[in-house]
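Subject: Handing over the structure

Hi,

Here is the structure I promised to pass on. Have a look at it first, and then read my notes below.

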Amino acid sequence: MGQMGFYFDADNCIGCHCCQVACKDVNRLEVGTDFRHVKSYTTGSGWDVHMYHTSIACNHCADPACVKNCPTGAMYKDADTGLVLHHDDQCIGCRSCVMACPYGEPVLIEELGVVHKCDACAGLRAQGEQPSCVASCPQRVLEFGDLDELRKAHADANLTSDCYVLPDSSQTNPSLVMEIKDCMLDEDCDPFVL
């Protein structure tokens with residue numbers, strides 16, 4: 001098995017937050033803590049305004065800054081799947097991984113004193129199911145699997161790991177392929193708060 005990761009079809013995402021809510025539910029996260037973030041953006045002006053959404057969790061990067069900056073080895077890259085995973089028993093809660101991640105994905109769970117993050121729903125996948133975010137999406141804009149297979153399945157799409165509102169993919173080489181709208185490359189986009 002090669003590098004596992006997510007496919008996201010931003011062209012058809014409606015920004016409903018079902019993936020974010022499902023992730024929060026399956027991980028039993030408290031208010032204010034999320035492993036998946038759905039954000040909405042607008043571009044343009046006047047009568048020529050466009051809106052798009054992003055749905056981002058841990059990108060299980062090929063070159064993860066969180067792993068490089070973890071002083072205890074608690075954050076590590078799984079050799080079989082390429083996923084970035086976490087050993088709770090080795091975490092000292094220093095937040096080095098949190099500060100290093102350009103996507104802001106690892107989260108310190110203060111009451112536990114350790115960092116947690118998306119593990120692509122390892123428990124569900126062990127039972128043959130999809131990650132909760134993928135299974136809950138009413139538009140079916142999220143997929144999870146081998147990155148090469150995802151690229152092949154969507155070979156006719158405008159695939160990238162970059163858009164204006166995300167950090168440059170050269171920083172960590174995220175395991176994320178997105179089908180994007182042209183407006184997602186627009187430098188004049190502003191966050192739109194729902």
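Which residues does E179 touch, not counting residues up to four places away in sequence? They are Y7, F8, D9, A10, D11, A157, N158 and L159, where a touch or contact means heavy atoms within 4.5 Å.

Before the rest, a word on what you are looking at. This is a predicted model, in which local features need pLDDT of at least 70 and side-chain atom pairs count only at pLDDT 80 or more, while totals for chains, interfaces and linings use all residues. Residues are numbered from 1 along each chain as its sequence is written, and side-chain values use heavy atoms, with hydrogens and water left out.

Back to E179. It is found in strand β10, residues 176-179. Strands and helices here are DSSP runs numbered from the N terminus (E, at least two residues, for strands; H or I, at least four, for helices). E179 counts as buried because its relative accessibility is 18%; the cut-offs are under 20% relative accessible area for buried, over 50% for exposed and partly exposed in between, with a 1.4 Å probe and protein chains only. Its side chain also has a polar contact of 2.6 Å with the side chain of Y7. By polar contact I mean a pair of N or O atoms within 3.5 Å; within protein, one must be able to donate a hydrogen and the other to accept it, and residues adjacent in sequence count only if both atoms are side-chain atoms.

Right after E179 comes I180, in the loop between β10 and β11 (190-192). I180 is buried, because its relative accessible area is 8%. I180 and C101 are 79 residues apart in sequence, and their C-alpha atoms are 23 Å apart in space.

Now the sheet. Strand β10 belongs to an open sheet of four strands, ordered β8-β1-β10-β9, with mixed pairing. Two strands pair if DSSP finds at least two bridges between them. At the edges are β8 (142-146) and β9 (159-160), each pairing on one side only. Strands β1 and β8 run antiparallel and are joined by five bridges. Across that pairing, Y7 stands opposite E143 and F8 stands opposite L142. Although β8 is an edge strand, four of its five residues are buried.

What about the inside? The largest nonpolar core has 43 residues, and F6, F8, M75, F144 and M178 touch the most other members. Strand β1 (residues 4-9) supplies the largest share of this core, three residues. A nonpolar core, by the way, is a set of buried Ala, Val, Leu, Ile, Met, Phe, Trp, Tyr and Cys residues joined through side-chain atoms within 4.5 Å. Leaving aside neighbours within four places in sequence, F144 is in contact with ten residues that you can pick out on screen, including M4, F6, L83, R125 and L150.

F6 has a charged partner too: the charged end of R36 sits over its ring, 4.9 Å from the centre. The rule for that is NZ of Lys or CZ of Arg within 6 Å of the ring centre and within 35 degrees of the ring normal.

R36 turns up again at S55, since the two side chains make a polar contact of 2.8 Å. S55 lies in strand β3, residues 48-56, and is buried because its relative accessible area is 3%. Apart from neighbours within four places in sequence, S55 is in contact with F8, C19, R36, H37, V38 and L142.

V38 stands opposite S55 in the pairing of strands. Strand β2 (residues 37-45) and β3 pair in the antiparallel sense over nine bridges. They form a hairpin with two residues between them, and G46 in the turn has a positive phi of about 60°.

Two other residues have a positive phi without being glycine. R28 has a value of about 50° and lies in the loop between α1 (18-26) and β2. R28 counts as exposed because its relative accessibility is 70%. H60 has a phi near 45° and lies in the loop between β3 and α2 (65-69). Is H60 buried or exposed? H60 is buried, with a relative accessible area of 0%.

Enjoy looking around!
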